[in-house]
Amino acid sequence: MLILDHVSKTWPSGTEALRGIDLDVQEGEILAIVGGSGCGKTTLLRCIAGLETPSRGRVVVDGDVIDSPHPAVGFVFQEPRLLPWLTVAGNIGFGIADLPKAERTARIDRMLALIGLSGYGGRWPKELSGGQAQRVAIARALIAKPQVILFDEPFSALDAVTRRQLHALVRRLRKETGTTMIIVTHDVDEAVALGDRIAVLQPHPGRVYRLLDGPGAKGGAPEAVRQRLVTALDGSLAEGSARSDAASSSAGLWW
Amino acid sequence: MSAVSETHKAVLEARRPAVRRRWPLGLLLPLAATLLYEGLAQAGFVEARLLPAPSAVFAELKKLAANGDLLYHTTATLWRVLSGFALGALAGTFAGALTGASPLARRLLDPTLQALRAIPSLAWVPLFILWLGIFEASKVALIATGVFFPVYLGVMGAIRSVDRRIVEVGRIFRLSRVALAARILLPAILPEYVIALRSGMGLGFMFVVAAEIMGASEGLGYLLVDGQQLGKPAQILAAIVAFAIVGKLVDGAMALLARPLLAWQDAEAANG
Ligand SMILES: Nc1ncnc2c1ncn2[C@@H]1O[C@H](COP(=O)(O)OP(=O)(O)OP(=O)(O)O)[C@@H](O)[C@H]1O
Ligand SMILES: [Mg+2]
């Protein structure tokens, strides 16, 4: 479905953000990506979305090599990034403006129901809570019926309760729409709660350190997965700091 | 799902009644001052020959309105302001959009425009008269010059400060350049654009006075000069009052026109 074929990215500044990322994401799967700050998670997602071009390697979605934003790939950013001058309904329908009005309205209504915000269509983004706004952002990505949705730390700004609700929403949306999802997160529990598989990245340069199975037949109980994930994460960070000491690179200053 | 479309219903519900009509407190001070002054004038404390009482100014206004002079001169002034505004705002919008969107254009044009801006605009008057004659063209050119700069600066600043993260939303949905401009840039800069246009209009009124004082046979500015030459302070004050009212009305009309487009700004933010 989605193939990352040796994706590498070196910024013009010389920072090597990604080196040789190989991943094969299955249709309908949720892949969680975890890793320390600055290990290239955002860069990787932006390459998949066609917002950046890999320096080497390629991203293939459904047979198409991605070199610019692609209709099959949706994006949910860390902040909702709603357009303040459009109502909730207008924001959700932003990407399907060229559909006939009746169909557009019907799809927006279905999305509102799906994200549990029926009746909110006429509100302005200002009038939403952070969790509601992020739901709208998810609906805006989903309504265009992409095959993959990329999430870049989508819930990191939300409180724990809201976050759990949105985890449930994401799982439900995947079940009901079968959309493939890649979710970058800093949060071990989030990765365990959502990931069918969990990729742990190591920094300097970003590479896949471990690829774990999520809870289930292969991965076992959530607690066991969590344990393995924490161990892997610690290992990846140790690996990264050893390398960055050696390279004493200028990386990590960007944010 | 209900028969009535959810979004449509919601849109109908969401339109809250316009802001509650409150007593315009701002009128209190000028009214009180007028009454006080009228009282002092009636009591003979001020020299009515130089500073006529409000009642005299009002009578003068009524007279000018009755014989059609007020309408005639107001129309002349308004026409000049609006022509100059149209030209200046159009040029300012284009130049601002260009320098705002293209760093190259900005490096090329902005220093020159900023240097021109530093020249007090009235300094252009002799040149405009030399080039364009003493009639309408030079006046409109002067007003357009005054309107140009606030609009130019406003548009350039607004475009430069558009949140790049929101532009990226447009990229994700593969908007063309035109669609990006129409669906993201334009609405994003609209609030600042309206402010720029309104301050441009304000300068337009400033410059129309200058233009009409430097020589005109009609317009509110002509009434000023005429009143001075004939020693009719009531007429001067009447013209000033007319300027204030027309300026305020035009600004109010602009705000009112923009209001439906900016309704989203009035919404209360959710829990901070
Ligand atoms: N536009 C850019 N120009 C130059 N360097 C960049 C750019 N974006 C990111 N980098 C560098 O690339 C590396 C990876 O950054 P990236 O933002 O992908 O990390 P991340 O894993 O998303 O971090 P975080 O968890 O803090 O969001 C960092 O060293 C960063 O400094
Ligand atoms: Mg990141």
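**Entry 1: a pocket in chain B**

I began with the lining of the second largest pocket and sorted its residues by class: 15 nonpolar, two polar and six charged. A note to self before going on: this is a predicted model.

Next I looked up the volume, which comes out at about 820 Å³ for this second largest pocket. The lining has 23 residues, and those closest to the pocket's centre are B:Gly100, B:Ala101, B:Ile159, B:Leu180 and B:Leu185.

Which helix gives the most to the lining of this pocket? I found that H9(B) does, with seven residues. Helix H9 spans 177-213 in chain B, and I also jotted down helices H4 (69-101), H5 (103-118), H7 (136-160) and H8 (164-172), since each of these five supplies at least two lining residues.

**Entry 2: ligand 1 and chain A**

Then I moved on to ligand 1. I noted 17 residues around it, with A:Ser37, A:Gly38, A:Lys41, A:Thr42 and A:Thr43 coming nearest. Sorted by class, this shell has ten polar, five nonpolar and two charged residues. Helix H1 of chain A, residues 41-49, provides the largest share of the shell, three residues.

I looked up some polar contacts too. A:Gly38 has a backbone N or O atom 2.8 Å from an oxygen atom of ligand 1, and for A:Gly40 a backbone N or O atom lies 3.0 Å from a ligand oxygen. With A:Trp11 it is a polar side-chain atom, 3.0 Å from a nitrogen atom of the ligand.

How much of ligand 1's accessible area does the protein cover? On its own the ligand has 630 Å², and the protein covers 86% of that.

Definitions and conventions: Residues are numbered from 1 along each chain as its sequence is written. Chains are lettered from A and ligands numbered from 1 in the order in which they are written. This is a predicted model: local features need pLDDT of at least 70, side-chain atom pairs count only at pLDDT 80 or more; totals for chains, interfaces and linings use all residues. Side-chain values use heavy atoms; hydrogens and water are left out. On a 1 Å grid over the protein atoms alone, a cavity is a set of points where a 1.4 Å probe fits but cannot get out, and a pocket is an open set with protein on both sides within 12 Å along at least five of seven lines; lining residues have an atom within 4 Å of a point. Grid points are joined across faces, edges and corners, and a volume is the space filled by probe spheres set on the points. Helices (H or I, at least four residues) and strands (E, at least two) are DSSP runs, numbered from the N terminus. Ala, Val, Leu, Ile, Met, Phe, Trp, Tyr, Cys and Pro count as nonpolar, Asp, Glu, Lys and Arg as charged, and the others, Gly among them, as polar. A residue is near a molecule or strand if one of its heavy atoms lies within 4 Å of it. A polar contact is a pair of N or O atoms within 3.5 Å; within protein, one must be able to donate a hydrogen and the other to accept it, and residues adjacent in sequence count only if both atoms are side-chain atoms. Accessible areas come from the Shrake-Rupley method with a 1.4 Å probe; for residues, only the protein chains shown count as cover.
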